[in-house]
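This briefing introduces a predicted model of protein chains with DNA. Please keep the sequence and the structure in view while reading.

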Protein chains: 2
Amino acid sequence: MAETHDATAGDSWRERLRASGHRLTAQRELVLQAVDTLGHATPDEVLAEVRKSTSAVSLSTVYRTLDLLEELGLVRHAHLHDRAPTYHSTTSPPHAHTVCRRCGRVRELSQPRTAELVATFREGEGFEVDVAHLTVFGTCLDCEAPAG
Amino acid sequence: MAETHDATAGDSWRERLRASGHRLTAQRELVLQAVDTLGHATPDEVLAEVRKSTSAVSLSTVYRTLDLLEELGLVRHAHLHDRAPTYHSTTSPPHAHTVCRRCGRVRELSQPRTAELVATFREGEGFEVDVAHLTVFGTCLDCEAPAG
DNA sequence: TTATCTGCAAACCGTTTGCATATAT
DNA sequence: ATATATGCAAACGGTTTGCAGATAA
């Protein structure tokens, strides 16, 4: 799956950047690293993380950079809550998320279940699911949060 | 499934409104009817539809009314595109949607497949899916639109 | 009569854009 | 040298809110 970049080849993306006519800037390195560090983060949170080390990044650059990194396949985004989208790195294979409305817990759908879901839609519906973008809202059956 | 209101009992919702301490207004009737007419509509589109017959509705009232109607279980919303959410009436049973990114086609997931999906998550993941809110993005395998 | 509802306009949040400046190549 | 990238501030689209006036009960 070409969508996943290899974490051990930490340099190749810089070449990909240049190869596609883009420039390697400090901001781009900082944003990518922040996404890697944070796990699932909104543009705002990425900015905050980057600004722990330097203030040399603006919010618009964060937006522009996240778009670019997504084009290059280095990050993906999903919609885990009503607010902003969250970005995460593509070092792990694409997976769907479940989000519990009661306890707020976010879980990644297991690899086999993801595959099963994709297969079901492909064979049953003639539809290729963009599984990385898929967020399934609902409630944990055993969730301990105050019932809605 | 208590979420589905019976289209043949077109009056009961007025009683439900009053029973919950709310008032029956012309705007609320107009908004509900517009949602029924339109199928899947954004707040903006609902406003436009309502204004075909009268201008006596404001956008903020549309928002407030859609929220209320959703609380009462008369409408539901899903996120079928990047812009605004779309509202539809609950006269048909809850179902997920698939949205093709190439041709833009929106399909309702069939009843049996919806049930299968819900059962899979319930039994396999201990998770109760809010299927009415679920939108699965991807691409039709046989879609005729220009390839992305 | 009075609690609820409405319209309006302003505020809000996340995001995008135009433009002058800075910088990687 | 020059095309690309950046920061800033303004604009944007969708949504929410405060408040004074209107209206269902």
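Which atom of Ser58(B) lies 2.9 Å from a phosphate oxygen of DNA strand C? It is a backbone N or O atom of Ser58(B). The points below set this contact beside others to the two DNA strands, and then turn to the packing of helices. As the model is predicted, each distance and angle is a computed value.

**Surface near DNA strand C**

- There are 21 residues around DNA strand C, and those that come nearest are Arg18(A), Tyr63(A), Arg28(B), Ala56(B) and Thr61(B).
- Of the atoms of DNA strand C that come within 4 Å of the protein, 64% belong to sugar and phosphate.
- Tyr63(A) places a polar side-chain atom 2.3 Å from a phosphate oxygen of the strand.
- Gln27(B) has a side-chain N or O atom 3.0 Å from a sugar or linking oxygen of DNA strand C.
- Three helices each supply at least two residues of this surface: helix H4 (59-71) of chain A, and H2 and helix H4 (59-71) of chain B.
- H4(A) provides the largest share, four residues.
- Sorted by class, the surface near DNA strand C holds eight nonpolar, seven polar and six charged residues.

**Surface near DNA strand D**

- Of the 21 residues around DNA strand D, the nearest are Ala56(A), Thr61(A), Arg18(B), Tyr63(B) and Pro85(B).
- Sugar or phosphate accounts for 63% of the atoms of DNA strand D within 4 Å of the protein, and bases make up the rest.
- One base contact is made by Arg23(B), whose side chain has an N or O atom 3.0 Å from a base nitrogen of DNA strand D.
- Thr25(A) has a side-chain N or O atom 2.8 Å from a phosphate oxygen of the strand.
- In the side chain of Gln27(A), an N or O atom is 3.0 Å from a sugar or linking oxygen of DNA strand D.
- Helix H2 (26-38) and H4 of chain A, together with H4 of chain B, each give at least two residues to the surface near DNA strand D.
- H4(B) gives the most, with four residues.
- This surface consists of eight nonpolar, seven polar and six charged residues.

**Packing of H1 and H2 in chain B**

- Helix H1 (residues 12-19) and helix H2 (residues 26-38) of chain B have axes that come within 12 Å and cross at roughly 135 degrees.
- H1(B) and H2(B) are therefore oblique to each other, and their crossing is right-handed.
- H1(B) contributes Trp13(B), Arg14(B) and Leu17(B) to the contact, while H2(B) contributes Arg28(B), Glu29(B) and Leu32(B).
- The contact of H1(B) with H2(B) comprises three nonpolar and three charged residues, with no polar ones.
- Arg28(B) thus appears in two settings: in this helix contact and among the residues nearest to DNA strand C.

**Packing of H2 and H3 in chain A**

- H2(A) and helix H3 (residues 43-53) of chain A pack with their axes 9 Å apart, at an angle of about 110 degrees.
- The two helices, H2(A) and H3(A), are therefore roughly perpendicular to each other, and H2(A) passes H3(A) in a right-handed crossing.
- On the H2(A) side, the contact is made by Leu30(A), Val31(A), Ala34(A), Val35(A), Thr37(A) and Leu38(A).
- On the H3(A) side, the residues are Glu45(A), Val46(A), Glu49(A), Val50(A) and Ser53(A).
- By class, the contact of H2(A) with H3(A) has seven nonpolar, two polar and two charged residues.

Conventions: Residues are numbered from 1 along each chain as its sequence is written. Chains are lettered from A and ligands numbered from 1 in the order in which they are written. This is a predicted model: local features need pLDDT of at least 70, side-chain atom pairs count only at pLDDT 80 or more; totals for chains, interfaces and linings use all residues. Side-chain values use heavy atoms; hydrogens and water are left out. Axes are lines fitted to C-alpha atoms, for helices over the stretch in contact, and angles run from 0 to 180 degrees between N-to-C directions. Angles under 35 degrees count as roughly parallel, over 145 as roughly antiparallel, 65 to 115 as roughly perpendicular and the rest as oblique. A crossing is left-handed if the near helix is turned anticlockwise from the far one by less than a right angle, and right-handed if clockwise. Contact means heavy atoms within 4.5 Å. Ala, Val, Leu, Ile, Met, Phe, Trp, Tyr, Cys and Pro count as nonpolar, Asp, Glu, Lys and Arg as charged, and the others, Gly among them, as polar. A residue is near a molecule or strand if one of its heavy atoms lies within 4 Å of it. A polar contact is a pair of N or O atoms within 3.5 Å; within protein, one must be able to donate a hydrogen and the other to accept it, and residues adjacent in sequence count only if both atoms are side-chain atoms.
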